[in-house]
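This report is meant to be read alongside the sequence and the coordinates. The topics are the surface, the nonpolar cores, one helix and its cover, and some unusual backbone positions.

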Amino acid sequence: MKKFNIRKVLDGLTAVSSSSSSSATAQPGTPKENDVVQETLQSEHFQLCKTVRHGFPYQPSSMAFDPVQKILAVGTQTGALRLFGRAGVECYCQHESGAAVIQLQFLINEGALVSALADDSIHLWNLRQKIPAILHSLKFSRERITYCHLPFQSKWLYIGTERGNIHIVNVESFTLSGYVIMWNKAIELSTKTHPGPVVHISDNPMDEGKLLIGFECGVVVLWDLKSKKADYRYNYDEAIHSVAWHHEGKQFVCSHSDGTLTTWNVRAPAKPAQIITPHGKQPKDGKKPEPCKPILKVEYKTTRAGDPFMVLSGGLSYDTVGRRACLTVMHGKSTAVLEMDYPIVDFLTLCETPYPNDFQEPYAVVVLLEKDLVVIDLGQIGYPIFENPYPLTVHESPVTCCEYFADCPAELIPALYSVGSRQKRQGYSKKEWPISGGNWGQGAQSYPEIIITGHADGSIKFWDASALMLQVLYKLKTAKVFERARGKEEKGGTDIVEEDPFAIQTLSWCPESRMLCVAGVSAHIIIYRFSKQEVNTDVVQLLEVRMQCEFSDVDSPDPGGEQTPTLPTSGASSSPQESEPPTQPSTGSNSSDGPRDNIPCLQVRSSTLKQSPGYQVELVIQLVWVSGEPPQQITSLAINSSYGLVVFGNSNGLAVVDYLQKTLLFNMGTSELYSPSEPYQRQPHSPRKARQPSGDIPVASCMSRISFLYTESVKKLRSSHFTLCDSNDGSNTSEDRCKSPTSGSTSPCNSDDERKQKFIEKVKFKSRRFSKTVANDFARMSRKISSSSEQKPDLENSFQPFRAMTSRRRSVKDGTESSRMSLKSCVCRTKSAPNSYAKDNSFSRSRSSSVTSIDRESREAISSFHFCESFPRKADGLMNPSLLVGTTQGSVMMVALSLPPTGDQRLQQPVGISSCGTLVRLKGGILTMALLDAAGTLLPPSYEQWYDPNASDEEKEKNRRRRPASPPSSQEGQDSQYAVLCSEKQAKVVAMPSQTRVYKHNITETSFVLRADVVLMAGANCIACFCANGHIMTLSLPSLRPLLDVNYLPLTDMRIARTFCFSNLGQALYLTSPTEIQRITYSQETCDNLQEMLSELFTPVETPEAPNRGFFKGLFGGGAQSLDREDLFGETAAGKASRSLAQHIPGPGSMEGMKGAASGVVGDLARARIALDERGQKLGELEERTAAMMASAESFSKHAHDMMLKYKDKKWYQL
């Protein structure tokens, strides 16, 4: 046993949450060799924190731009702030209240930002630090904030309210001024109605003492700040949405709710100087144009060399129903209407100068849409858009699955970028991206990282996620493989999902070989190879698989008249049940007379497929309808490039496909993976009315041991299908089962013919005994299951053999069927609703089986796979290629693989597969599996080095590396491997090949694990888990000591469960919203270096010089008039504001907020400094009070002396 270590005990105790158990127990009698494993990971290596957030801001609501720092800020309806600079410079902040951000205002070139929220609070953000923090907050209690305005180089912020009043805030101290502009003083006294909320505030560009106030009702007031009265009032019948000044301060433009623009001269308030309706139809009789939709915003920008620009959003005619949102650019006599893909939230015109009293010289327009950010170049003809460098297209189609690969091969990212660069659109502006502020981080994290996202439209995107950045590398469209049905008539009713039939369900990727396998919601699987050369594929290789799950007699035809199709040969039939195959492209039936059968959900395209450099289709696998039942969606998928195999499973069972030979090797129900006397075997039951078993049921048809039957095929594609040993069926002899697919002569099925023959004899012997012991076995199993608190299956249903399964494969081009074969198997069917797909808030099962913990499907489905080199059977002394299979009911089973030699023999000889029964059982569905060697080092699945499939044969052989040889054999009586198994409830470590449990840990009792991965961390391996209750945990390997347990994120959205994934080196991510990816780290080292790795928003930049007033303007006073706002709004002149109007809240970034954050020695010094500052502040206040008292005493003394002199010489009667 391991020695007692108090440090490890404390580590375990401190990492335990209330919802999980920390007991990692060792199995009694554990071999002493286990003590050799030295575990280096400790709890000090782990710390959880957020790193960066990528993607488009979800539900944007406002926007601001700093023209000097060139930083863009976007606020959202959930209180989030996203700041963007140059490519790779991004920052995310969050208001604690979560209220919508209604407006943002930069303190231009000051490194600060003011945000106004829908909960009537304003906040001052400090952007001079890498992680921005709030310095001050001000919460209004009696007024609702509607509009804010902060003049350039001013510290006084104007705040308009819903009552029509305007308050003024000092942004340095965040205190209210006593100066208030009341609505009843601003409007005319004769006005009987309330003007409505303040919708606009701005000062005259040429006179800071004149404030323009726009009220919703249509009234605009020019307020004189010094005299505290209105100079002019401008009235219009329609409501106002926005106001824009001409830079000379003599004119302004208003946009109205009827689609009109009114231009006013400042000194002519009687009527507008001009009224235009940009999108209104002008009647010939001179009448007023028809009203249009409201113009929500207008901006008026001037240029030195030409006509001014007027940019506006909205204002379209009402007869343009269904037309997309438009941005209108009016320049001189030309009007350009730019259609947008999504509704416009806000837009800003970018100008060369920050000074409002100079020629603006606009050069671009930033348009914030509901789901996109577009920047338009105003300097080029046609107004092209800039190429966006930000990763804002994550949500281009809803994300349905996500995988994260850290520390990838170094050559992968350049290879993907080279093929992806050819996919870029043309026609972008040739100028550089105008939002170019900030600097990149200086972190030392240099390993390559790749994120793969699958989408609802069938596309797959590869992203470069290195160094906390995100950039799209390559986009793959899987829907190109299929025909697109134009209407419901063409679909034929075979779709199992009404929307997004090409949506990606799960994927498996081998970075070393670059093999990609994708499973979609229409029960289809596509295998891709990576090539740098373009090819034209005349025929897409297709393999159709019939995974049936229904109770019926094997030897009797279906009551509906369907007969089990079997393998056709060139001569006589190989089975009495064989029927002549039809000559149509599809053997399926979809007539009104009978149920749909043998029909795939999607139609593979029959025309030539042009495949660009990148990922190219190798094979398409489709599950077909069975007797009116749609195929079940894929729940688990794995590919191994070294073996040339793809395995996939669903609620019906699993299938193994050899993608090199394009054949189906193995198709078996989940229950058949168990041995006949398996204690974990499930009693099969069906939601349909079960038939009573007859006395002549063929017993051997229910056996779980297997053999193979191959057909002769030289010109056609080879296919091999699994069939059970049936001692009652004389048509399938041992010679037939061992025929080579390329010759008519008999050849051994694998290299060990004697072992195979013994195995078949053993199966026959067990089948004869099965009829005598089946009742006892099932009775014993029933007692075990009923006594278990974990599973309560329905034991009332009878055991029934199943209908035979058929797999067929056909060529898409000519529609001829290559081969059809009978496939007898025993699969259990239980009550289960089809796994429906939804784009956003639904939970589509990918590789995780966490759905079973939510809806508790009673059917046992396949939840995970793992290819490995291990010991398939308990008595094995040699390692062989194997497959670990995990189910949703917690069973882990071994499947042995027998691979032919490499080279031509691999393409000609069949792959042998045999089920080896159950390895171990856990609580909850199996999530992940892995193997460790005797030293605790992870044993990754073998792989084949990438080679270009379209290159010459010489280059292929030069670059191609063969599958590594099997490791040395295990010595007698010693275990040389550990199998690491993790489920929704617990983790176990099993020694191999003895199959004895070494360690066990109950992860959670009250919740369940959503995602678990075996990851590399600080040079060692551990299990990382994410639970539905929000806990993120890590367990050491192999002892399963808890190292980290943090209550991070409760499961509030199924999107998080569907997309959460861990990666090596302490990295993880999930989709925090439909448009954003949140990356986190659980590595202490990364957290320590995070400040260096993050980008910097603020960079010291000189503020541009103010415009020259000119000699005559300076002489005659025609230039801009400045205003000393301190004299007007300061406490001396304006007094103090009411304390009940707003409450000042110190932010965590302010001096007061730092008190709670300071800790340790640095904290003590900070607290001492704060105390000194406070003491100095108090002494200063005392000195001020003393001076005030002295002044008051002197004043009293003076008044007393004056009084004495006045009455000094008067008599008492003169008083």
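The accessible surface of the protein comes to about 53300 Å², and 50% of that area belongs to carbon and sulfur atoms. The model is a predicted one, and 56% of the 1215 residues of the protein count as buried. The secondary structure is made up of 17 helices and 64 strands. Among contacts with a separation of 6 or more, 62% are between residues 24 or more positions apart.

**Nonpolar cores**

In soluble globular proteins, nonpolar side chains tend to be buried together. The largest nonpolar core here has 36 residues, and within this core F462 and Y615 touch the most other members. The greatest contribution comes from helix α3 (residues 412-420), which gives five residues to this core. Apart from it lies another core, of 25 residues, which includes M1017, I1032, L1049 and Y1070.

When residues up to four places away in sequence are not counted, Y615 touches L416, F462, Y474, L476, W509, R514, L516, Y528, R529 and F530.

**Helix α3 and its cover**

Which residues of α3 are buried? They are L412, I413, A415, L416, V419 and G420. Seen down the axis of α3, these buried residues fall within an arc of 165°, so they line one face of the helix. An α-helix has 3.6 residues a turn, so residues three or four places apart point the same way. The cover over the buried residues of α3 includes the strands β31 (449-455), β32 (459-464), β33 (471-477), β34 (504-510), β36 (524-531) and β40 (614-623).

**Backbone positions in loops**

Two peptide bonds that lead into a proline are cis, one joining M992 and P993 and the other running from L1037 to P1038. Two residues, A467 and A1018, have a positive phi although neither is a glycine. The table sets out these four positions with their loops.

| Position | Backbone value | Loop |
|---|---|---|
| M992 and P993 | cis, omega about 10° | P993 between β55 (986-992) and β56 (996-1002) |
| L1037 to P1038 | cis, omega near 5° | P1038 between β59 (1031-1036) and β60 (1042-1047) |
| A467 | phi about 55° | A467 between β32 and β33 |
| A1018 | phi about 55° | A1018 between β57 (1009-1017) and β58 (1020-1027) |

As for accessibility, A467 is partly exposed, with a relative accessible area of 36%, and A1018 is likewise partly exposed, with a relative accessible area of 48%. The loop that holds A467 joins β32 and β33, and both of these strands are among the elements that cover the buried residues of α3.

Technical notes:
Residues numbered from 1 in each chain as written. Predicted model: local features only at pLDDT ≥ 70, side-chain atom pairs only at ≥ 80, totals over all residues. Heavy atoms only, no water. Core = buried A, V, L, I, M, F, W, Y, C linked by side-chain atoms within 4.5 Å. Buried < 20%, exposed > 50% of the residue type's maximum accessible area, 1.4 Å probe, protein only. Helix = DSSP H or I, 4+ residues; strand = E, 2+ residues; numbered from the N terminus. Contact = heavy atoms within 4.5 Å. Arc of directions from axis to C-beta. Areas by Shrake-Rupley, 256 points an atom, 1.4 Å probe, with all protein chains shown as cover.
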